[in-house]
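Colleague: Could you walk me through the rings and helices here, and tell me how each label is earned?
Modeller: Gladly; let us look together.

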Amino acid sequence: MSAEPRLAEVAEPEPAQQAAPGTDQAVKETLEDYTLRFAPRSYRRWTPMVVATTALGGIAYMADFSIGAGIGLAHGTGNALLAIAVAAVVIFVTGFPLAYYGARYNIDLDLITRGSGFGYFGSVLTSVIFASFTFIFFALEGSIMAQGLKLGLGLPLWLGYLVSTLMVIPLVIYGMTALSKLQVWTTPIWLLLMVGPLVYLVATDPGTVDRFLAYSGTDGDGGINTASVLLGAGVCLSLIAQIGEQIDYLRFMPPKTEANKRSWWTAVVMAGPGWVVLGALKQAIGVFLAVYIIAEVGASAAPEPIQQFKGAFDAMMPSWLVVPLAVVLVVISQIKINVTNAYSGSLAWTNSFTRVTRRYPGRMVFVLVNLGFALALMEADMFSFLNSILGFYSNCAIAWVVTVATDIGINKYLLKLSPHAPEFRRGMLYAVNPVGVVAFVAASGLSIAMYFHALGDALQPYSPVAAAVIAFVLTPLMAVVTKGRYYLRRTDDGIAEPLLDEDGNPSAVAYECHVCRQQFERPDVAACRTHDAVVCSLCLSTDKVGDHVLPAGV
């Protein structure tokens, strides 16, 4: 990996062009890894495979084992495996266009959402949804780690929750540079500890496979039941927002060219929607280990990953090594995913706050906010009602992701009512685009009502299906009804240089922002309303009086 490029310190703006309060701080901090903005070609020195490995390292979480175990224990192995497969297909199909756009145009999911049906302020709704995803799953992983620390070191759970929260802070403040190194070096150890026990159990005791396949669950008779499959799929679909964290890495992909197109596509598919393949396998392994633990220990410990792997390690190695290895696996997994959760959550909160208040408080503030929410959930023992939280949350996440994916796939490519190249800059977008906002609110609102039995018990399992179908239908319908007029507030950003180069990649031509005096590449700047100069996207976001924001029009 090439050394990280460093940009010069920010110069003071001239008095006549004074930036809004906080702009200097914002520019300095966001240049670490281009948080809240387009990631320029000059920074993206990683190869496609390094980016993919880093992105996949972020899905080393243990929650999949708990999710799979919970579904399997309730509905039986057959229903659980079908539910996992259904959710995986939906996540892969909806994640593909989002991953492609993030990697091709080097922007995160919030910036994609702005120009894909929601508008400049409308996407604040989905930023909050995504931020919620990060602290919910941080809390889940932190709970699992606390269980490991209790087993291995005797720490009380409340102290384990605190330790698992505080230990990620030193890592998350350094952005992509530190995260890429952490993920690349820990992934082989994690894979060995995760796969080894499974292979050993299947090879030495084939009867474990028979018991696994025959397990009927507590709520069923072993037969396939549509309601059980859909209820299980709804829990798994809470992970649909994971594509946002994958894109936080994929936005650092190098430009796609003839020379690298094979490795580029491989990396995008593998680390984008392909994450769900490994996720689904972990959920299935969670069912397998839960059934094994029930036979060996009892049902009470089966949903806890630390107990699952302790039981598996116990069958293959000396007893003195079992607990330490199980704890190491849990700790590595928790660190790998929770630095990503804290990092991505801080971006989402900061993005929303900066747009609404036009003030940048510093990303570290929102690292602490996100961790505070997560710690509160852990202390409230969210692990004991995990499936209920995830089942409810999945309705919002599905509505959002399906809306954006449909806007890209249908409104941009098929109907051509949505601009092909993504737009995210203030002044270029309407504040709210009814296409995405109406589709999202209707889909999430109705599906949540169904989830809470407002439309009857018979329809309750179908809430995730309703969220996906309503979003899929309403998104193109709203684009047709509005004739696509609310996507762009103006089509000309006042700069003659094209946004894209001859290969269709974002242009690398650099301009100096006349507010912060930093160099930014073409997609990250627009002409200034009051000066014969350009302004970067973040300085536009923090412009309190709108002096630099282009008017509606052309």
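**Rings and helix packing**

Modeller: A good place to start is a cluster in which ring pairs connect Phe96, Tyr100, Tyr101, Tyr105, Trp264 and Trp265. Please keep in mind that this is a predicted model, where local features need pLDDT of at least 70 and side-chain atom pairs count only at pLDDT 80 or more, while totals for chains, interfaces and linings use all residues. Residues are numbered from 1 along each chain as its sequence is written, and side-chain values use heavy atoms, with hydrogens and water left out.

Colleague: What makes two rings a pair, and how many aromatic pairs are there?
Modeller: Rings of Phe, Tyr and Trp (its six-membered ring) pair if their centres lie within 6.5 Å. By this rule there are 24 aromatic pairs.

Colleague: Why is the pair of phenylalanine 212 and phenylalanine 288 called edge-to-face?
Modeller: Planes under 30 degrees apart count as stacked, over 60 as edge-to-face and the rest as tilted. The ring centres of phenylalanine 212 and phenylalanine 288 are 5.5 Å apart and their planes stand at 65°, so the pair is edge-to-face. This pair links distant parts of the chain, 76 residues apart: phenylalanine 212 is in helix H10 (residues 207-214) and phenylalanine 288 in helix H14 (residues 275-296). Helices here are DSSP runs (H or I, at least four residues), numbered from the N terminus.

Colleague: Are these two residues buried or exposed?
Modeller: Buried means under 20% relative accessible area, exposed over 50%, and partly exposed in between (1.4 Å probe, protein chains only). Phenylalanine 212 has 10%, so it is buried, and phenylalanine 288, at 6%, is buried too.

Colleague: Why are H4 and H14 called roughly antiparallel?
Modeller: The axes of helix H4 (residues 77-105) and H14 cross at roughly 165° and come within 9 Å. Axes are lines fitted to C-alpha atoms, for helices over the stretch in contact, and angles run from 0 to 180 degrees between N-to-C directions. Angles under 35 degrees count as roughly parallel, over 145 as roughly antiparallel, 65 to 115 as roughly perpendicular and the rest as oblique. H4 and H14 are therefore roughly antiparallel.

Colleague: What makes H4 oblique to H13?
Modeller: H4 and helix H13 (residues 261-271) pack at about 130°, with axes 9 Å apart. That angle makes H4 oblique to H13. The contact (heavy atoms within 4.5 Å) involves residues including Phe96 and Tyr100 of H4 and Trp264 and Trp265 of H13.

Key
Helix = DSSP H or I, 4+ residues; strand = E, 2+ residues; numbered from the N terminus.
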